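Visitor: Could you take me in for a close look at the salt bridges here, and then show me a helix while we're at it? I'd like to know who pairs with whom and what is tucked away.

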Amino acid sequence: MNLIYIVEDDEGIRELVTYALKKEGFEVVGFESGKEVFEQKPPDLYILDIMLPGEDGYTILKKIRTMVSTKDIPVIMLTSKTSEYDKVKALDMGADDYIEKPFGVMELISRVKAVLRRYIGLNKDSVLKSGNLTLDVEKHEVRVNDKEVYLTLKEFDLLYYLMKNMNIVLSRDQIMNEVWGFDFEGETRTVDVHIRTLRMKLGEAGESIQTVRGVGYKFGG
């Protein structure tokens, strides 16, 4: 049974989401603020509101992504902040999905299941190799010529998806939907930015990430 933490200061929304997810078979614990979250054992998924008393959702997300025990745990942002800036900020900080209020309960449940499927699927193939490049899922480690390369969570997920689909041309929309969790219309440039950074960090191994003009990218080992 997957354990989900929801941090939401609106009691009505918190109870609604908790009830709906419990009916789907999840174990759910609700928190009014982020203060107590890190005193508990890590869950399988976080659902975070952005506007919270004390530490806001961005601050909590940053902590999740920097702590060794939680850095790989998926996070869904649940918020009434709908500007493009807020979406991009949350995604670039490592959020796996972004749901706007008001939302449908069935949509929320579907998104939760999709994020957990991706997370579980990501951990099935433990080690991927191509030439001098090695990606180890369990260790969350990437090495080039046996030297560790430090990647953000999204850079790691992006590289995994490319290597998993070696020699397959992937469109920007496909990559956005798979790595970021949904089709974030108009934001496929986020993919280009992450590809550029990934190539730079991988050095010579980054040459395997090929641009397919007018379509997207492929990893051609």
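Guide: Let's start with Lys 63, which has a relative accessible area of 32%. Buried would mean under 20% and exposed over 50%, so Lys 63 lands in the partly exposed class. Keep in mind that this is a predicted model. The partner of Lys 63 is Glu 55, and their side chains meet in a salt bridge with 2.6 Å from N to O. Glu 55 comes out at 29% relative accessibility, so Glu 55 counts as partly exposed too.

That pair is one of 12 salt bridges in the structure. Now for another spot, built around Lys 101. The side chain of Lys 101 meets that of Glu 8 in a salt bridge, 2.9 Å from N to O. Look at where the two sit: Lys 101 is in the loop between strand E5 (97-100) and helix H4 (105-122), while Glu 8 is in the loop between strand E1 (3-7) and helix H1 (11-23). They are 93 residues apart in sequence, so this salt bridge ties together parts that are far from each other along the chain. Both Lys 101 and Glu 8 are buried.

Lys 101 has a second partner, Asp 49, with the closest N and O atoms 3.4 Å apart. This one also links distant parts of the chain, since Asp 49 belongs to the loop between strand E3 (45-48) and helix H2 (57-66), 52 residues from Lys 101. At a relative accessible area of 3%, Asp 49 falls under the 20% cut-off and is therefore buried. Put the three together and you have a salt-bridge network of Glu 8, Asp 49 and Lys 101.

And now the helix you asked for, H7, residues 189-202. At 1.5 Å a residue, its 14 residues should span 20 Å, and the end C-alpha atoms are indeed 20 Å apart, so expectation and model agree. Its buried residues are Thr 190, Val 191, His 194, Ile 195, Leu 198 and Leu 202. Viewed down the helix axis, the buried residues of H7 fall within an arc of 130°, so they line one face. The spacing makes sense, because an α-helix has 3.6 residues a turn and residues three or four places apart point the same way. Flip to the face turned away from the buried side and you'll find Arg 196 and Met 200, both exposed. Right after H7 comes Gly 203, with a positive phi near 65°.

Conventions
Residues numbered from 1 in each chain as written. Predicted model: local features only at pLDDT ≥ 70, side-chain atom pairs only at ≥ 80, totals over all residues. Heavy atoms only, no water. Helix = DSSP H or I, 4+ residues; strand = E, 2+ residues; numbered from the N terminus. Expected span 1.5 Å × (residues − 1). Buried < 20%, exposed > 50% of the residue type's maximum accessible area, 1.4 Å probe, protein only. Arc of directions from axis to C-beta. Salt bridge = Lys/Arg side-chain N within 4 Å of Asp/Glu carboxyl O.
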